[in-house]
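Reader: I should like to learn how a few features of a protein model are read. May we take them one at a time?

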Amino acid sequence: MLKEAVEGQVTVVCNAIAASVQFQVEPVGRWFEAFLKRRDRNVSASFQELEEEEELSEESEDEELQLEEYPMLKTLDPKDWKNQDHYAVLGLAHMRYKATQKQIKAAHKAMVLKHHPDKRKAAGEQIVEGDNDYFTCITKAIEILSDPVKRRAFDSVDPTFDNAVPSKSEGKENFFEVFAPVFERNSRWTSKKHIPKLGTMDSSFEEVDNFYSFWYNFDSWREFSYLDEEEKEKAECRDERRWIEKQNRASRAQRKKEEMNRIRTLVDTAYSCDPRIKKFKEEEKARKESEKKAKVEAKRREQEEKERAKQAELEAARLAKEKEEEEAKQAALQAKKEKEIQKKAIKKERQKLRTTCKNWNYFADSEAECVKMMEEVEKLCDRLELVSLQSLNEVLASGTKEESKAAVEKQVQEVNAQLQREKEAEVQARQASRSAEQASSGSGGGSKGWNEEELQLLIKAVNLFPAGTNARWEVIANYMNLHSTSGIKRNAKDVINKAKNLQKLDPHQKDEINKKAFEKFKKEHAAVPTTVDNAVPSERFDASGAEANAASWTTEEQKLLEQALKTFPVSTPERWEKIASVVPGRTKKDCMKRYKELVEMVKAKKAAQEQVAAKSKK
C-alpha cells in the first residue's frame, strides 16, 4: 500500500507497474440473497426491515379497525340469512368490498367475543336454542365473506349498490358532476386493472375515445349466482339437481343480459350527452368542410391551369396556323411570280419563234406553204414548253435557213405524232366505255330489251314498293308481269340489274324518260267518257276537270288528303266537298280521282305480295 504523500514532496515511481488482471467473481451469501429480494420487490430497504414494517402495519391496522355495531343484528332471522347484509352483520358496513380478509377475520373475532352464546349466557342473557339464535347470522356472514367465490357472488348483488342510470336531461345540465361518480362506482365490476377516467372538458380526443372504447367493450365479472332460487344441494336425485342447475343458469344469463344492457344504456346516454363529443363532431365537420373547400379550390386551380394550358395551346395552334397560312401565301405569291415570269418567258420565246419564222418567210416559197407553216408554228407555240422553245430558238438563231427549216419541221413532226397518239387513245377509251355500257345493258336487261312501257312500270313499281318491303324485288317483278302488255316475263334479277342501270343514267336521260311517261299518261287521260257511273250524285264528275287532274300531287297534298279521308268517314254528308275544302288547290273531282288511283295501287300491291307468298309456300 502506498504511503500518503506529504505536502511539498514529489511522488516518484521507480519501477514499472504490473498489468491489471481481470477475475470473474460469483457473488454468494445471505447478504446477496437479501439484495436480490430487495431488487425483485423494487425497494431499497432490506428484506428483514420490510418484514418488520409489514408486521407493524398489520398491528396498526388491527388497532385502527373500527367496527360499526349493527342495531338490527339481534332481530335478524337466521333462516332468512340470504337477505341479510353480511358486511353490516360483521360491523364492516362502512368498508364493504374494500375490506381485506384480515380485517374480516378480525371483525368476526370481535363479534364472536361479544355475541357468542356462551359469553351471553355467562352474562345472564337468555339464549335461543339451536340455529334459531341470531349468532347463526354471524356464522353465515363469515362463511360467505371468507370464501372468495361466495364473497364475489354476494358483492355482485350488493344491496347498497346503486344501479340507477342518469337521464339525458340530468346529464345535459351537469355532465361531469352527474356521470363521473356513476362511472366510478360501476368500474368496480371490471375485470381489467387500468380503468380510464371520464376526464374533463379539456381532455383530448384520444383520451375520450379510449374511455368510451373501454366502456363499450366493458368486461364485467359481476355474476348472479347468489340470487339462485333453488339450491342444488337440496335436490333428492340427480335429475332434480340437473333441473335446478338448468333453471339457475337461465336466470343468471337473463340477469347478466339485463346488467350488460344497463351498462350499455349508461354508456349510450353519456355519449349522447357528452359535450366533448359534440365539440369533436363540430371540429370534424369543420375539418371536412375545410378539406372539401381545399379540394374544390385545388380542383378549381387545376381547371384554371388546364384552361390556361388549353388557351396557350389554342394560341400556339392559331399562331402556327397563321404562320402556315402566311408561308402558304408567300409560297403562292412566289409561285405566282414564277408563273408570271415563266409566262412572260414563254410569251417572249413564242414571239421570238414567230419573228424568226416570219423573217425566214416561214421557210416557204408559195403562199399556201407559208400559210400552212404559219399554222404549224402556232401549233408549236401552243404545245411546246419553255425549254423546248428556248432550244428551238437557239438553233434558229445560230443556224442557216436550211438548218432552221429542218429543225422546225422535225419539231412539227414530233408534235403532230404526239397529237395523233392522244387522239387515238381518246378514241379507244370512248369505244371501251361504249362497249362496257352495251355489255352491262345486255347482261342486265335479260334476253330481250326493255321498252318504254316496261321502264315506266319499273319506275312506278320502285316508288310503289319502297325499301323495307318484304321480298321487294320479287314483288316488283310480279307487279310488272301483271301489268305489262309486252308479254315478257321479268324475274327479280332482271329487275335489280335494270334498276341499277337506271341509277347510273345521266339526269337528262332520266328527265327524258319521266317526260315520256307523263306525256303517255296525259294522252291516255286526255278525255273522260261521258257515261255516268252508278255513284251517288256527290261523287259524279265530268270531262271538264280531267285536265286539272293531270297535275301531280305533292307530298303535302297527299298527307292532307289522307288526313281528310280519316276525318270525314263514308257516312259523312257531302263528304267529298268537305275533303276538297281541306286540300287547297284541289277540287272534289281531283280528290275522288286520286282516291281511286290510291285504291288501285293498294290492290295491286296486295296482289303482288300474295303472289310472292304463294310461290314461297310452294
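Author: Let us begin with a term: a polar contact is a pair of N or O atoms within 3.5 Å, where, within protein, one must be able to donate a hydrogen and the other to accept it. In this predicted model, the side chains of R490 and E454 are joined by such a contact, of 2.9 Å.

Reader: Where is R490 found, and is R490 buried or exposed?

Author: R490 lies in the loop between α17 (472-483) and α18 (492-504). Buried means under 20% relative accessible area; R490 has 5% relative accessibility and therefore counts as buried.

Reader: How should one read the residues of a helix such as α9, and which of them are buried?

Author: An α-helix has 3.6 residues a turn, so residues three or four places apart point the same way. In α9 the buried residues are F175, F179, V182, F183 and N186. Seen down the axis of α9, they fall within an arc of 95°, so they line one face of the helix. Their cover includes α8 (168-173), α10 (205-216), α11 (238-273) and α12 (275-359).

Reader: What span should α9 have?

Author: At 1.5 Å a residue, the twelve residues of α9 (residues 175-186) should span 16 Å, and the 17 Å between the end C-alpha atoms agrees with this.

Reader: How is the packing of α12 and α14 described?

Author: Two packed helices are described by the angle between their axes and the distance between the axes. The axes of α12 and α14 (residues 386-398) come within 9 Å and cross at roughly 35°, in a left-handed crossing. Among the residues that meet there are A345, I346 and L353 in α12, and L389, L392 and L396 in α14.

Notes: Residues numbered from 1 in each chain as written. Predicted model: local features only at pLDDT ≥ 70, side-chain atom pairs only at ≥ 80, totals over all residues. Heavy atoms only, no water. Helix = DSSP H or I, 4+ residues; strand = E, 2+ residues; numbered from the N terminus. Expected span 1.5 Å × (residues − 1). Buried < 20%, exposed > 50% of the residue type's maximum accessible area, 1.4 Å probe, protein only. Arc of directions from axis to C-beta. Contact = heavy atoms within 4.5 Å. Axes fitted to C-alpha atoms, helices over the stretch in contact; angles between N-to-C directions. Left-handed = near helix turned anticlockwise from the far one by under 90°.
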